[in-house]
Structures are given as structure tokens and as C-alpha cells.
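Look at the chain below before reading on. The paragraphs that follow go from the whole chain to its parts, and then to single residues.

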Amino acid sequence: MTGALSQTHSQRQILAPQMRQGIRMLAMSLPELRSELIAEMAKNPVIDDIEPTLEKTTVSECERQLAEDERVSDYPEDDDIREAAYMDGIARGKNGSDPDAMARREKFFENQVREETLEQHLVGQLPASDIEEADYPLAEMLIGELNDDGLFVGSLPDIVMVSGEPESKVRSLLAQIRELDPPGCGATTLAECLSAQLDKIDDPALRARVAQLIGKLEAVAAGQVEDAEALVALRTLDPRPGRAYRHDVRGTEYVNPEVHAVRCADGWVARVDARSLPEIRISSKYVTMLEDPETTAETKAYIRERIAAANALVDAVAHRRDTIAAIAQEIFDRQPGFFEQGLKGLKPLTMQEVADKLGIHYTTVSRTVNGKYASTPKGVVELRRFFSQGIVTDSGEAVVKDRVLDRLRAMVEAEDKAHPLSDEKLSDMLKGEGFPVARRTVAKYRGLAGIPGTSARRAH
């Protein structure tokens with residue numbers, strides 16, 4: 001046996017620490033970003049303060065024009081503005097030697113979080129949903145019957161008796177509630193809960209394979225699944241979607257939109273809330289120490305290294321803000337119908353389309369929209385909700401699947417209960433209206449909408 005040495009050449013892409021930090025921050029939600037910045041302050045002495053950037057020149061000209069024309073803000077937040085301005089005044093009067101600086105900054109961040117229960121969060125989305133206003137009382141009743149995990153634990157017969165509505169109507173409303181954020185809340189079974197979250201999987205083929213796994217959860221639990229990729233994707237779905245709103249001793253992260261849709265003459269502008277994206281300031285004390293000839297070379301080297309780290313943090317926060325603003329603006333530009341009709345007005349839109357338009361990678365869009373919320377005239381909406389798969393009608397119009405679900409619900413609601421429509425008949429009727437939907441697709445959509453099969457809907 002002989003041994004030999006050989007040399008090979010290969011190329012590997014190694015991300016710089018600053019780039020890794022930027023990617024990590026881009027995926028963070030607002031509460032996670034706050035925690036990250038507070039942790040950085042604690043270990044980097046040259047960071048003097050984190051202050052709200054309330055009065056910055058980033059406010060667009062159309063916002064100022066709107067303020068002058070109407071004298072009324074689309075989102076009046078006078079109390080919040082006064083609070084932020086007050087804290088800003090305190091911050092500007094401080095210097096790096098204030099021993100209470102950290103405590104005051106932490107208190108400021110904590111005060112920015114508004115407590116919201118799961119019930120409040122879901123009810124607040126009703127105006128932006130497809131649920132008719134006349135059905136809001138029943139929808140609120142159903143939302144009130146969700147447990148801490150977001151699952152429906154009420155009694156359908158009791159709700160039918162109290163509301164006077166047919167069970168099909170109650171189930172249909174539960175299906176619409178499952179489409180709210182977080183998706184899956186309102187499910188009566190684990191399969192319903194997971195099926196409502198399938199849109200999180202962008203790959204249609206993989207989504208279909210995961211849907212098959214959901215149909216055989218017993219086999220999944222028994223470990224009798226060979227499709228490893230689909231199993232990994234299935235595990236990204238949350239069987240307890242409401243748990244983020246639980247009240248426990250560890251505290252809860254609440255939704256705090258950092259994007260605001262601001263109306264201007266040319267449409268809607270995506271404005272990132274500067275008060276929620278703090279600005280880091282380098283302490284003047286350490287800058288002075290760098291200029292002091294009596295400061296040792298070792299100390300100066302340490303200060304320079306810490307300032308470089310702080311500047312990298314500033315760049316990462318700014319990059320995150322700019323990326324969110326660019327992607328949100330592209331979404332608003334492509335979904336003008338949302339601002340008139342809510343979710344009903346959405347057009348089919350994929351993350352890849354936005355990525356191609358902005359010249360960025362698909363994963364950048366995915367990281368950015370996940371867990372980021374926008375305050376709009378139609379309610380607070382997660383940016384991810386603006387993306388939806390669609391179909392092309394016979395007339396060439398691209399429509400989101402929610403339009404098909406709406407028609408499917410209406411057809412079932414109007415059917416003769418003694419002779420309910422089969423999936424084949426529903427498919428023919430939808431095709432007659434220009435929606436090229438196959439029978440198997442009707443069965444899938446019927447499951448998503450919580451509509452029982454023909455035999456279960458037949459009145460005896």
C-alpha cells in the first residue's frame with residue numbers, strides 16, 4: 001500500500017460576518033430585532049444610545065403634501081408620537097456616561113409593544129377578509145370559541161341553535177377564519193389546521209405532496225413515510241398556530257406593524273415606521289478617547305474594533321429597513337385592488353416575480369415578508385398574505401384561488417339540500433363561469449373551505 005499527496009482546487013462562497021449579520025437581521029421580526037439590538041448595546045460600550053428616528057427626511061414628499069391638503073393623517077397616532085418625541089428628547093440630552101441609559105432604553109422598547117390577544121388579532125382582521133359584514137357577530141362568536149392554540153373547541157350544535165344559522169354556514173365561516181393570520185386558527189381537526197397553511201409552501205409540486213401526507217397523518221405519526229422532503233416541509237407547518245398569543249410568564253410577542261401604507265396622489269406608499277427601527281449612535285466619549293494622545297494604542301485598537309462593529313450594526317439595520325421598504329412598495333404597486341376590496345382584490349403574485357423585478361434572490365423576499373406586518377386601510381396584514389397562487393380564466397384574467405373559493409361557497413349555499421351538487425357538477429358550473437377547475441381541484445378547494453362531501457350535505 002502506498003500513500004500519495006494530492007492537491008485539488010475548489011471554490012466556496014464564504015459569507016463575511018457583516019453579511020451573515022445582515023441576512024440574520026432581515027429574517028427577524030420586530031420584537032426579535034429589538035432584543036438583538038439591546039443585546040448588542042449590552043456588550044458594545046461605544047454604542048451611546050438607540051433613539052427613535054421620528055423626525056427624519058425619509059418622509060416622502062407625497063406624505064407632506066397629503067398632510068397639507070387634508071390636515072388629517074390616515075393613521076392618527078398622536079399619543080404615540082408625543083411619547084416617542086418625549087423619549088427622543090430625553091435621549092438627546094444624555095451622554096455615554098449616564099448609568100441609567102440602558103434601563104431607560106429597555107423601558108422605551110417595552111412600551112412600544114402593544115398587548116393583543118389572539119381573539120383581538122383575529123377580530124381586527126375581519127374588515128380585510130372575505131367575510132360579509134352581516135356575518136361579523138357569528139364570526140366573533142366562533143373566534144371566541146378558540147383555545148390558546150387557535151383550535152376550535154366549541155360545540156357546533158350549540159352555535160347552530162344559538163345563531164339560528166345552518167351548520168354549513170357555520171363551517172363555511174370557520175373555513176374563512178382559517179384563512180386569517182395566523183392561518184389555521186379555527187380548525188376543528190389537525191388536518192384542517194395544517195391544510196390551511198399549505199400556501200406557505202411555494203413549490204406547487206411539493207405542496208401537493210405535503211397535502212397527501214396531511215391526508216394520512218396516522219402513517220406520518222407511525223414513521224411510515226418515505227418522502228423525506230415532503231415530511232420536512234410538513235414539519236414547517238404549525239399545529240398550534242395560536243400559541244404565539246398565549247399569555248404566560250415568559251411573555252408574548254405581539255404584532256406591531258412596521259410598514260404603513262400611506263396614501264398619496266400617485267397611489268399608496270410603503271413607509272417603514274422609523275420609530276420602530278431604532279438608530280444607533282456612537283458615543284462621543286469614545287470618539288474623544290481616540291483623539292486623545294494619552295490613550296494607549298491597545299485601547300485605541302479596541303475602540304476602533306468596537307466602533308467598526310457598531311457601524312456594521314447600523315448598516316445591517318439600514319439594509320433591513322431599505323429592503324423591507326422596497327419589497328413592500330413593489331407589493332403595494334402590484335396589488336392596487338387590495339386597497340379597494342381587501343383580500344378579494346388580490347391578484348396572483350409570486351415571490352419570484354417580486355425578486356426578479358427588484359433584482360434580488362427569491363429567498364431574500366421570503367425572509368423579508370415572513371413575520372413582517374403592514375398597517376393598511378383594510379387592517380393589519382402580514383406581507384406574506386399579499387402573495388397567492390392563481391388560475392387563468394377562459395377570458396385570460398388571472399385570479400387568486402380565493403375568488404374560486406367564494407364562488408364554490410356560494411354554489412353550495414344555494415344548492416338544493418335534498419339533491420346536493422357533486423364535485424363533478426360543481427366543476428362544470430365553475431367552468432361555465434370561466435374558471436377551468438377540474439373535479440379533483442374542486443374536492444381540494446372544498447376541503448380547504450370546510451365544505452363536507454355530497455352525502456354529508458344531503459338533507460334527510
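What percentage of the 460 residues of the chain count as buried? The figure is 45%. Keep in mind that this is a predicted model. The chain contains 22 helices and eight strands. Contacts can also be sorted by how far apart the partners lie in sequence. Taking contacts between residues at least 6 apart in sequence, 67% of them join residues at least 24 apart.

Buried residues lead to the topic of nonpolar cores. In soluble globular proteins, nonpolar side chains tend to be buried together. In this chain, the largest nonpolar core has 25 residues. Those with the most contacts inside it are Ile331, Phe332, Val365, Val369, Phe386 and Phe387. Several elements each supply at least two residues of this core: strands E2 (259-264) and E3 (267-272), together with helices H15, H16 (338-341), H17 and H18 (362-369). Which of these gives the most to the core? The answer is H15, with five residues.

Phe386 shows what one member of this core touches. Neighbours within four places in sequence are set aside here. Phe386 is then in contact with Ile331, Phe332, Gln335, Phe338, Leu346, Leu349 and Val381. Apart from the largest core lies another one, of 20 residues. Tyr136, Phe152, Val170 and Cys185 are among its residues.

Next, consider how helices that supply the largest core meet each other. The axes of H15 (residues 297-334) and H17 (residues 351-358) come within 10 Å and cross at roughly 115°. Angles of 65 to 115 degrees count as roughly perpendicular, and H15 and H17 are therefore roughly perpendicular to each other. The crossing of H15 past H17 is right-handed. On the H15 side the contact involves Ala326, Ile327, Glu330 and Arg334, and on the H17 side Glu353, Val354, Lys357 and Leu358. By class, this contact has four nonpolar and four charged residues, with no polar ones.

H17 also meets H18. Their axes come within 8 Å and cross at roughly 115°, which makes H17 roughly perpendicular to H18. H17 passes H18 in a right-handed crossing. Here Met351, Gln352, Val354 and Ala355 of H17 meet Tyr362, Val365, Ser366 and Val369 of H18. This contact has six nonpolar and two polar residues, and no charged ones. Val354 of H17 is thus listed in the contact with H15 and again in the contact with H18.

A further pair of helices is H7 (residues 136-143) and H9 (residues 167-177). Their axes come within 10 Å and cross at roughly 70°. That crossing makes H7 roughly perpendicular to H9. Leu138, Ala139, Leu142 and Ile143 of H7 form the contact with Val170, Leu173, Leu174 and Ile177 of H9. The residues of this contact divide into eight nonpolar, no polar and no charged. Val170, one of the H9 residues in this contact, is also among the residues of the core of 20.

After H9, the chain enters the loop between H9 and helix H10 (190-195), where Pro182 is placed. Asp181 and Pro182 are joined by a cis peptide bond, with omega about 0°.

Three single residues complete the tour. Ala374 is found in strand E5 (residues 373-376). Is Ala374 buried or exposed? Buried means under 20% relative accessible area, and Ala374, at 0%, is buried. Not counting residues up to four places away in sequence, Ala374 touches Pro257, Val259, Phe332, Gly379, Val380, Val381 and Leu383. The C-alpha atoms of Ala374 and Ala261 are separated by 7.0 Å, although these residues are 113 residues apart along the chain.

Tyr245 lies in the loop between helix H13 (228-234) and E2. Its relative accessible area is 6%, so Tyr245 is buried. Between the C-alpha atoms of Tyr245 and Thr117 there is a separation of 5.8 Å, while the two are 128 residues apart along the chain.

Arg321 is found in helix H15. At 32% relative accessibility, Arg321 counts as partly exposed. Arg321 and Val259 are 62 residues apart in sequence, and 9.7 Å apart in space, C-alpha to C-alpha.

Terms used
Residues are numbered from 1 along each chain as its sequence is written. This is a predicted model: local features need pLDDT of at least 70, side-chain atom pairs count only at pLDDT 80 or more; totals for chains, interfaces and linings use all residues. Side-chain values use heavy atoms; hydrogens and water are left out. Axes are lines fitted to C-alpha atoms, for helices over the stretch in contact, and angles run from 0 to 180 degrees between N-to-C directions. Helices (H or I, at least four residues) and strands (E, at least two) are DSSP runs, numbered from the N terminus. Angles under 35 degrees count as roughly parallel, over 145 as roughly antiparallel, 65 to 115 as roughly perpendicular and the rest as oblique. A crossing is left-handed if the near helix is turned anticlockwise from the far one by less than a right angle, and right-handed if clockwise. Contact means heavy atoms within 4.5 Å. Ala, Val, Leu, Ile, Met, Phe, Trp, Tyr, Cys and Pro count as nonpolar, Asp, Glu, Lys and Arg as charged, and the others, Gly among them, as polar. A nonpolar core is a set of buried Ala, Val, Leu, Ile, Met, Phe, Trp, Tyr and Cys residues joined through side-chain atoms within 4.5 Å. Buried means under 20% relative accessible area, exposed over 50%, partly exposed in between (1.4 Å probe, protein chains only).
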